[in-house]
Amino acid sequence: MNLENKLSSISKSAKSNIIRELLKVANDPGMISFGGGVPDPETFPREELAQIAKEVIEEEYKFTLQYGTTEGDNELKDAYKELLEKHEGIEGVQYDNMLVTVGSQEALYLIGLVLLDESSYCAVGKPVYLGAVGAFKQRFPKFLEIPLEDDGMNINILEERLTTLSKEGKIDKFKFVYVVPTFQNPAGVTMSLEKRKRLAELADKYDFLIVEDNPYGALRFEGSPIPSIYNLNPERTILLNTFSKILCPGFRIGIIIANENIIRKFSIIKQGVNLCTPTLTQRLAARYLQKHDRIEELKPTLELYRSKKDTMLEALENEFRNIQGVSWTRPEGGLFTWLTFPEEVDTLDMFEEAKKNKVLYVPGEAFYVNEVEKNHMRLSFCLPSHDEIREGVRRLKNVVEVYLNKKTI
Ligand code: PMP
């Protein structure tokens, strides 16, 4: 069979996810992995969820084993609204402003389908969450990569790029800016309030939307919360929430919050994707949230993440302070820190050496669209133990030294 000529242009251009390929060895004996960005399974409230699952299947089977509405379970929406009001200060959200999706990843895919054409432009961080780019790329838009700084996207450069598009008469093709403003994946940095305000103002000035992807906002372990961009410009912001990092990713539940006209379009397009989000996990999550303040419950976990982050930053300081040109970010929450090495270090090239030394990271080049930078890596601190973090960073230093020695020979 000639499979090639059966394939669409998108599947011909699609490559397998580099992270997935590289991290296949993460479970090898003795391996210390700073790779995956997944929560600790011990934080999943499995006993109570098992109990609720039995109840909602036996007693609410007419709902939980049936198709649901495309828009999602109103009981879940009610419970989530309460959480948004209490913990994010987001008020006034109605059912029509909400769409329940199969994780935020589906929301990103719907954004591509609803907003992007081949002639469209969108702006993303440099670096950027690769799952978002993977979803948007399916519509072949043009990406503007805007450098990320310690306090979020460089808004001056964004404005320059928008001014240029305006002068070229292409600004009406510019659809949205995609940001993970709080504890960004991969860099762990948070956008300042000042930058959030400027972004919200620019959206009005240049008539574009803001996609505010917020999977990590509730995972703050130090510092003070910063208002969401949605609160600064609710008309133009599409806020993506997920249960993946606060409850469990296996439920595959996300919730889009946006103005009702946008939600209506998303719902119509979602019908063609999967009709509805599974009713069973939606009702399970709703019943759980009705009984528990999940954000309050997460506090011990966050304390654990904070102490592991401290251990990692201390280990980085101990091992790398004498190697010139190495720096890292200092996250106040979330799961990641981002290391930058001197330009001659190619972290993908160095990966084999790391595997030999039994330590894993995610090479930074996975997080760029066109203008690839090779001298970074993402480290996740939430899963390894304190001792493993210290030992892993020691191994990492050895890897870098061996690599640099080989390069100079
Ligand atoms: N956005 C970001 C920034 C993420 O890091 C992730 C998951 N790692 C997602 C979206 C997708 O999350 P999910 O589909 O599990 O909700």
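Student: The axes of helix α14 (residues 299-320) and helix α16 (residues 386-408) cross at roughly 30° and come within 9 Å of each other. Why is α14 called roughly parallel to α16?

Tutor: Axes here are lines fitted to C-alpha atoms, over the stretch in contact for helices, and angles between N-to-C directions run from 0 to 180 degrees. Under 35 degrees counts as roughly parallel, over 145 as roughly antiparallel, 65 to 115 as roughly perpendicular and the rest as oblique, so the angle of roughly 30° makes α14 roughly parallel to α16. This is a predicted model, in which local features need pLDDT of at least 70 and side-chain atom pairs need 80 or more, whereas totals for chains, interfaces and linings use all residues. Residues are numbered from 1 along each chain as its sequence is written, and side-chain values use heavy atoms, without hydrogens or water.

Student: In which hand does α14 pass α16?

Tutor: The crossing of α14 and α16 is right-handed, a term for a near helix turned clockwise from the far one by less than a right angle, with anticlockwise giving left-handed.

Student: What makes α5 oblique to α12?

Tutor: Helix α5 (residues 74-88) packs against helix α12 (residues 279-291) at about 40°, with the axes 8 Å apart. That angle falls in none of the named ranges, and therefore α5 is oblique to α12. The crossing in which α5 passes α12 is left-handed.

Student: Why are α3 and α12 called oblique?

Tutor: Helix α3 (residues 46-59) and α12 have axes that come within 10 Å and cross at roughly 120°, and this value also belongs to the rest, so the pair is oblique. Here α3 passes α12 in a right-handed crossing.

Student: How do you know which residues come nearest to the ligand?

Tutor: A residue is near the ligand if one of its heavy atoms lies within 4 Å of it. There are 14 residues around the ligand, and Ser 104, Asp 213, Tyr 216, Thr 242 and Ser 244 come nearest. Helix α6 (residues 103-115) gives the largest share of this shell, three residues.

Student: What makes the approach of Ser 244 to the ligand a polar contact?

Tutor: A polar side-chain atom of Ser 244 is 2.6 Å from an oxygen atom of the ligand, which satisfies the definition, a pair of N or O atoms within 3.5 Å. Side-chain N or O atoms of Asn 185, at 2.9 Å from a ligand oxygen, and of Arg 252, at 2.8 Å, meet it as well. Around these contacts, the protein covers 90% of the 400 Å² of accessible area (Shrake-Rupley method, 1.4 Å probe) that the ligand has on its own.

Student: What makes the Asn 185 to Pro 186 bond stand out?

Tutor: The peptide bond joining Asn 185 and Pro 186 is cis, with omega about 20°, and Pro 186 sits in the loop between β6 (174-179) and α9 (193-206). In that loop, Phe 183 has a positive phi near 55° without being glycine. Most peptide bonds are trans, and most residues other than glycine have a negative phi. The bond from Lys 126 to Pro 127 is also cis, with omega near 10°.

Technical notes:
A polar contact is a pair of N or O atoms within 3.5 Å; within protein, one must be able to donate a hydrogen and the other to accept it, and residues adjacent in sequence count only if both atoms are side-chain atoms. Helices (H or I, at least four residues) and strands (E, at least two) are DSSP runs, numbered from the N terminus.
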